[in-house]
Amino acid sequence: SVPQDVLVRSSHTLASGRMCVLRNMLDRLPEVGRAWIAAATPDRGAPLAERREANMRIRAWMLDNMAWLLSASSRSFCLVHQQLCPAYPAACLPVRPIAEQPGSWPGRPCDGQCPSGAPAEVGTSAEDEEEAQPPPPPVSQGPSKPSADAGADSVAGMRMGAAGSATAEPYRGPIRANVSGVSCLPWTSQGAGEGEASPCDIVHTLWLTERLFLGHAGHEDIFFMECTPRYPIGKLREALRDTHHIIFVKDGPELHGWPHKRMRLLAAGVSHATAKWLGPKTDTGVAAEYAARFHRAVATTGDVFMMAPPHERNREYSRLAKIQGHKVEPDDVPHVPPDELIRMLLPPGGVQRFREWLAEVQNLQSLGGLSMVDVDHHPASKGCCAGSDWPVSLRHASVFAIRTGKRNGSDSASVAPGAHTLASVTGTNGDVDVGGHPRRQQEDEGEGSTPPCEPDWRMAVPFEFLAALGFHVYPEMAGEWGITPMRALLDVLPARQIQGLVGNGMHLVTQACFMFWVLSQTVIVDDVGLARTT
C-alpha cells in the first residue's frame, strides 16, 4: 500500500533501516488463529445484522483466547527487513538500571534478529505451529489473562531476567506507547454507517485485544487513539475498564485557531499496571482544562496554507489540464483566460460543481470575503459547506479558495498571488484580464462608476493539503526548524496518493497538543498498588 511504501522509504532514508514496517496485523497471530478468523469472517454481501453478529462472535473469541493468540515474542513479517520481526518490540527491551544514563539506551531491538537472538526466518512450518500453539477451545470460558506459559514473559512492574525467570528489578526504559488511527469508515458520516458490521471491525478487534494483552502483561504504559467523533468511546472504555484509564476529547484544528475543519475524537489509555493519570478525573474536567489550555479563536482564513510558489502551482495546473486532454505547458498557464483555464483543470462535472459553489458563495458573509470549497462535492452534499476554513480533508478533493467583494476604496480586497479572475461570471474589473485579454465593458456601466468585483480563485496543489495538516512543507511554515524531510519522500508520489495520505492522516496540531498534554500529566510508577489507586 502507499502508506507502507512511504514508511519503508522513510525507514531506509531517515532511520538507517532500523524502523520496522510490519505488513499485516493478522500476521502476528498463529496460523490456526488466522484460519479460524478467516472461516468465521462473514460474507461481504450478507445482511448488516448478520455481519455484525459474526463480527461480535469473532471479537468474543479473540478476547477469550488472547492468552495463546498473542505473545510477547510474537513476530510479524517486516517489509523493511524482509523477515519476521518482533510485533511488540517494547516487550523485548532489556531492563535498564536506574543509574544508567538515558543517552546510552540502545533503542529498538531489531537488528535482523528475532527476540531470542536466533536469526529470524520468513514463515513458520505447520509442524512448528502445531507444537507451539494449543488448539482453540471449542467453548468460550470468558476472557483469559496472559500467562508466562502463553509467552507473556513479564508481569506488571517486573521484567524477565536473562535466564527467563522473573526479576524484581523494575522497568527503567523509554515510555512504551502505542499510537493508532483506527479505521473511521465504520463510523464516519461520509461512510456507509456499518459500525461493528464493517469488515474493518476485525482488525479493530485485534487492536483492542492487543491493548488488553499488553495492559495485563505490563508491556505498554499508554496508548493514543484517533478516530471520527462518532467512534463509540464508551464501548472502548467498558472493554478496557480493568486495564486502562481512558481520557478523551473531541477536538479539531479549527478550535486551536488553525483554519482547517477536521473534528476528531482523540483518546488515550493509561495502563493501570505501570502508569498513573494525574489530570482531571471526569470527562467534563478533561474537556474544560484542555480547552482552556489550547483552544483559540480563528483569526485568519484557509488560504493561508496556499503557499506554493508560482512554478509549483503552474506545474500542477498543467498536469491537470493534460488529464483532461488539453496541452498547456507550465510557462503558458498564466496566459490562459481564467474561464478557459477552469474548464481545462476540471472535468465537465467538476466545472458544473464549481459554478454551483460560485453561486453559493456570492451571498456568504465570510472573513475577508473568502470562501473555501471542495468542488469534488456538490454544495448540497452531506457534510459539505463553504466557509473561510480549509474544508475537511477527504481522500480525494479539489479545493478552491474563492474571494468575493469589492477591491476598490475602503471595501477593497487584494487579489492573492496566483489567483485568477472570472470575467464571464459577474462582470468586469479593469480593461484587461490576467491573461492580457481585453475585457468587455458592460453597456449600462456609467462613467466613473465602480465596476462590480469579480471573484478570484486559486486551486490547491497537493503539498498545500499537507500544509493544512500541519506539515512544514514550505519555508513560510518551517521557520528555523527547516522543511520536514518527509517532503522529499512524498515529492515523488502522484497527487492522488498524497491526497489519500492526507485523508487518512492525523492532524499534527491537535495530535501533538493532546499527546503532550496527556503525557505531561501521566507518571510511570513501579508500585502496581500505587498505579491502581484513585
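Which residues point one way from β10 and which the other way? The legends below take up this point among others. The model is predicted, with local features requiring pLDDT of at least 70 and side-chain atom pairs counted only at pLDDT 80 or more, while totals for chains, interfaces and linings use all residues. Residues are numbered from 1 along each chain as its sequence is written, and side-chain values use heavy atoms, with hydrogens and water left out.

**View 1. Strand β10 and its pairing with β11.** L370, M372 and D374 point one way from β10, whereas S371 and V373 point the other way, and all are buried (under 20% relative accessible area, with a 1.4 Å probe and protein chains only). The strand, residues 370-374 (strands being DSSP runs of E with at least two residues, and helices runs of H or I with at least four, numbered from the N terminus), pairs with β11, residues 399-403, in the antiparallel sense over five bridges (pairing requires at least two DSSP bridges). V399 in β11 is the bridge partner of D374.

**View 2. Packing of helices α2 and α3.** Helix α2 (residues 31-40) packs against helix α3 (residues 48-64) at an angle of about 160 degrees, with the axes 10 Å apart (axes are lines fitted to C-alpha atoms over the stretch in contact, and angles run from 0 to 180 degrees between N-to-C directions). The two helices are therefore roughly antiparallel (over 145 degrees). G33, W36, I37 and A40 in α2 meet A54, R57, I58, W61 and M62 in α3.

**View 3. Surroundings of R487.** R487 lies in helix α15, residues 486-490, and counts as buried because its relative accessibility is 15%. Apart from neighbours within four places in sequence, R487 is in contact with E312, F463, V473 and Y474 (heavy atoms within 4.5 Å).

Definitions and conventions
Angles under 35 degrees count as roughly parallel, over 145 as roughly antiparallel, 65 to 115 as roughly perpendicular and the rest as oblique. Buried means under 20% relative accessible area, exposed over 50%, partly exposed in between (1.4 Å probe, protein chains only).
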